[in-house]
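Biologist: Please show the sequence together with the model, so that we may discuss its strands, its helices and its nonpolar cores.

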Amino acid sequence: MSNLHDPNRPRKKASNILRRVLAYLGPSKLALLLACIFSVLGNSLALLSPRLSGLAIDAISAQSVNFPVVYRYASLMVLTAILSSAISLAQSAVMIRISRRVVRKMRQDLYDHLTVLPVSFFDTHQTGDVISIISYDVDTVGSSLSTDITQMISSLITVVGSFSMMLSISPVLLLVFAFTIPISILFTRYRAKVVRPLFRVRSRALGELNGFAEEAVSGLRTIRAYNKEEEFCTRFAGFNEKASHAQWKADSTACVTGPTVNCISNLSLALVSIFGSLLFMNGGISLGGVSSFVLYSRKFSGPINEFANLIAELQSSMAAAERVLSLIDLPPEKPDAENAHPMTSCRGEVKVSHVSFSYEPEKEILHDINFTVLPGETIAIVGETGCGKTTLINLLMRFYDVSSGAILLDGEDIRNLRRNDLRRQYTMVLQDTWLFDGTIAENLAYARPDATREEIIEAAKAAHIHEMILGMPDGYDTRLTDGGGSISKGQKQLLTIARAMLMDARMLILDEATSNVDTRTEFLIQEAMVSLMHGRTCFIIAHRLSTITGCDRIMVMDHGHLVESGTHEELLKKNGMYAALYAAQFDKPA
């Protein structure tokens, strides 16, 4: 899996990045054409003012002033200025709408792609960094589309128009730019190569800062409980300093380009004024012509200077676009096999045959696991932390595929089944509860939106959460916000258990599902589970062994090996690892 922060990750070519970003403008072709028309009209009108100004000056001589001509040209200058500004405003409005569509589409593509990425991506990337890409980087690209592209179009028209007007006024004076313009172009290209890597570093540093901030804010209670505020403030200061330094270095390096090109432009203006004066004294050009040429030269040099400043913004946008596209280009979860067939229902027989697995090729986590679970059996998986219990569950759900061996469901290799169909056969309750912003009823019916209110209430009663819900302000219509932050962890876990009970699945996975409830409630939930899950295949991961003594079978794992299997009584008689774990929990001799 490619790491978004890896400095050795292959870089995308600027031309490819630009081509793919511009592809997002495809659905807005008509609006973009309209913006281009506005740009041509607005800038063409703006280009008339210097010429009108020169003609007005030529109507003034030492002997007389042709006031009607001067007033006419002055009035036309005011009119063209007003019309040019109005058209430019319309063009900006159109480009902002286009930018909004592009940002919305790009952000939607990002989010849609996140939903199909393998679980391994979220195991190895910080949430804050991903959010930084979705928000900051996409906004940076959108801002560039709404302002930079408009500015580039306007600059191009202004440069071409000014060049044409200067050529018509005095081809000789135009030779000044034959020296200054190439210098500006070469310098700008050189600075672009220097600046772009710095903006890439800046984006990466900001992503790391956001990732750490998200991690710290989400774990603030734990940080305070262990009096680690000062340590985390120090660590944040480190990330903040790194991001600030990266931003300063990128911006300070980029800002050199504009003043330098501006200096070259001012030099060209000085040369135009000197040679223009010489031509005027020799009768080669009128005074109005010199004035118009100087104004056009400013218009001609201005966009070039603006383009130099624009380079910095474009490099920032290119770095942001590269991160966005790098995330979109990450390979999705391995697709289902071409001959994968659907599964609408199952009996619940699971066979794990010689399964080995490793997250990294050189480090195997599970070693030759073998067991069979019959339909309706309740299986508990126990062992010390890190022994591979959750990894095994991830394999059953096909969040990961086995490295070797096979997992069979009703005699069919799960790799030959559609993932979505396979996962519909399970309902899952994890130790880490998850509730979304919505009513309690909507949260309970998350996997079954068609469930009736009666079915929802029945599931809540079975999970012993009905009375608590009725005690809330709006009962089942009470809105939960911030992931259910207004209720206790135990209550959140009861809600997730009720949600699982509402699912009509043949198999159930409980991963420390009762760890956040008190002993009495846990006992009541166990009773409800026994009655509700009757006839269903159930996998339970538990550390509190008192909750699994009634399971049909208990499997004991140790460092990725399945070392024991049997009922509670059988394993105690073996006096092996399970007996030692059980004795340790109840402070009894093994």
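**Strands, a helix and cores**

Modeller: Strand β1 (residues 350–357) pairs with strand β2 (residues 366–373) in the antiparallel sense over five bridges. Strands (E, at least two residues) and helices (H or I, at least four) are DSSP runs numbered from the N terminus, and two strands pair if DSSP finds at least two bridges between them. This is a predicted model, in which local features need pLDDT of at least 70 and side-chain atom pairs pLDDT 80 or more, while totals for chains, interfaces and linings use all residues. Residues are numbered from 1 along each chain as its sequence is written, and side-chain values use heavy atoms, without hydrogens and water.

Biologist: Which residue in β4 stands opposite V352?

Modeller: β1 also pairs in the antiparallel sense with strand β4 (residues 404–409), over five bridges. In β2, V355 has I369 as its bridge partner. The residue in β4 opposite V352 is I407.

Biologist: How many residues of helix α11 are buried?

Modeller: Buried means under 20% relative accessible area with a 1.4 Å probe, protein chains only. Helix α11 spans residues 389–396, and those buried include K389, T391 and N394. The helix is mostly covered, the count of buried residues being seven of eight.

Biologist: Which helix gives the largest share of the largest nonpolar core?

Modeller: Such a core is a set of buried Ala, Val, Leu, Ile, Met, Phe, Trp, Tyr and Cys residues joined through side-chain atoms within 4.5 Å. The largest has 41 residues, of which L444, I465, I469, L495 and I548 touch the most other members. Seven of its residues, the largest share, come from helix α16.

Technical notes: Buried means under 20% relative accessible area, exposed over 50%, partly exposed in between (1.4 Å probe, protein chains only).
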